[in-house]
Amino acid sequence: MRFEPTDEKSSLNSASGTIQSNGEFHLSTVGGDDVQPGRYRVIVTDASGKSDGEVRSRSGQVCFYGDTGQVVQVVAGGNNQFRFAMAGPDGPRDMPEGE
């Protein structure tokens, strides 16, 4: 999973992390810092960081890696818990757990 600043001229750093089997994730920057407050595009990647390809859930549903089209606002001192949908062959769906 990766957050990329929505503004290319922003001083914000991209952040990434691994999605756990329960669907939870914690992101940090390359330097190990927490995500800075700001607006970010949400990109779902595989474990190696690639954003192309697909993942199949335990129930057989297919989801595609890549830009989810969703934007999040990270707030200083905020809850900052987000739920995302991934693209599927027939439209957005919840991210598969345990992949």
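This is a short tour of one protein chain, with suggestions for what to select at each stop. Keep in mind that the model is predicted.

**Stop 1: the whole chain**

Start with the full chain in cartoon view and colour it by secondary structure. How many helices and strands does the chain have? The count is zero helices and eight strands. If you trace the chain along its sequence, the pattern reads β-β-β-β-β-β-β-β. The radius of gyration is 13 Å, close to the 13 Å that the globule rule gives for 99 residues, so the chain is as compact as a globular protein of that length.

Now turn the model around. Along the principal axes, the C-alpha atoms fill a box of roughly 40 × 25 × 25 Å. Contacts are worth a thought here too: take those with a separation of 6 or more, and 55% of them are between residues 24 or more positions apart.

**Stop 2: the surface**

Switch on the surface display. The accessible surface of the chain comes to about 6300 Å², and carbon and sulfur atoms hold 43% of that surface. What share of the 99 residues is buried? Buried residues make up 29% of them.

While you're out here, colour the charges. The chain carries 9 positive and 14 negative charges. How far apart are the mean positions of these two groups? They are 3 Å apart.

**Stop 3: the nonpolar core**

Hide the surface and show side chains as sticks. In soluble globular proteins, nonpolar side chains tend to be buried together. In this chain, the largest nonpolar core has 15 residues. Select M1, F3, Y40 and V72, which touch the most other members of that core. Two elements, β3 (38-44) and β6 (66-74), give two or more residues to this core. Of the elements, β3 gives the most, with three residues.

Next, zoom in on F3 and show what surrounds it. Which residues is F3 in contact with, once you leave aside its neighbours within four places in sequence? The list is S14, A15, F25, L27, Y40, R41, V42, V72, V74, F82 and F84. Try selecting Y40 and V72 together with F3: both are on that contact list, and both are also named with F3 among the core residues that touch the most other members.

**Stop 4: the loop between β1 and β2**

Move along to the loop between β1 (2-5) and β2, where you'll find S10. S11 lies in the loop between β1 and β2 as well. Is S11 buried or exposed? Its relative accessibility is 68%, and over 50% counts as exposed, so S11 is exposed. S10, by contrast, is partly exposed, with a relative accessible area of 24%.

Get your distance tool out. S11 and Q36 are 25 residues apart in sequence, and their C-alpha atoms are 9.7 Å apart in space. S10 and N79 are 69 residues apart along the chain, with 23 Å between their C-alpha atoms.

**Stop 5: the loop between β2 and β3**

The next selection is T29, Q20 and G23. T29 is found in the loop between β2 (15-16) and β3, Q20 is found in the loop between β2 and β3, and so is G23.

Begin with T29. Its relative accessible area is 10%, and under 20% counts as buried, so T29 is buried. Leaving aside neighbours within four places in sequence, T29 is in contact with N13, S14, A15 and D34. S14 and A15 may look familiar, since F3 is in contact with them as well.

Q20 is partly exposed at 44% relative accessibility, and G23 is partly exposed with a relative accessible area of 25%. Two more distances to try: the C-alpha atoms of Q20 and D52 are 19 Å apart, while those of G23 and G91 are separated by 20 Å.

**Stop 6: an asparagine to finish**

Last, select N80, which lies in the loop between β6 and β7 (85-88). Check its backbone angles: N80 has a positive phi of about 50° although it is not a glycine. How open is this residue to its surroundings? N80 is partly exposed, with a relative accessible area of 30%.

Technical notes:
Residues are numbered from 1 along each chain as its sequence is written. This is a predicted model: local features need pLDDT of at least 70, side-chain atom pairs count only at pLDDT 80 or more; totals for chains, interfaces and linings use all residues. Side-chain values use heavy atoms; hydrogens and water are left out. A nonpolar core is a set of buried Ala, Val, Leu, Ile, Met, Phe, Trp, Tyr and Cys residues joined through side-chain atoms within 4.5 Å. Buried means under 20% relative accessible area, exposed over 50%, partly exposed in between (1.4 Å probe, protein chains only). Helices (H or I, at least four residues) and strands (E, at least two) are DSSP runs, numbered from the N terminus. Contact means heavy atoms within 4.5 Å. The radius of gyration is taken over C-alpha atoms; the globule rule is 2.2 Å times the number of residues to the power 0.38. Accessible areas come from the Shrake-Rupley method with a 1.4 Å probe; for residues, only the protein chains shown count as cover. Lys and Arg count as positive and Asp and Glu as negative; His and the chain ends are not counted. The place of a charge is taken as NZ of Lys, CZ of Arg, CG of Asp or CD of Glu.
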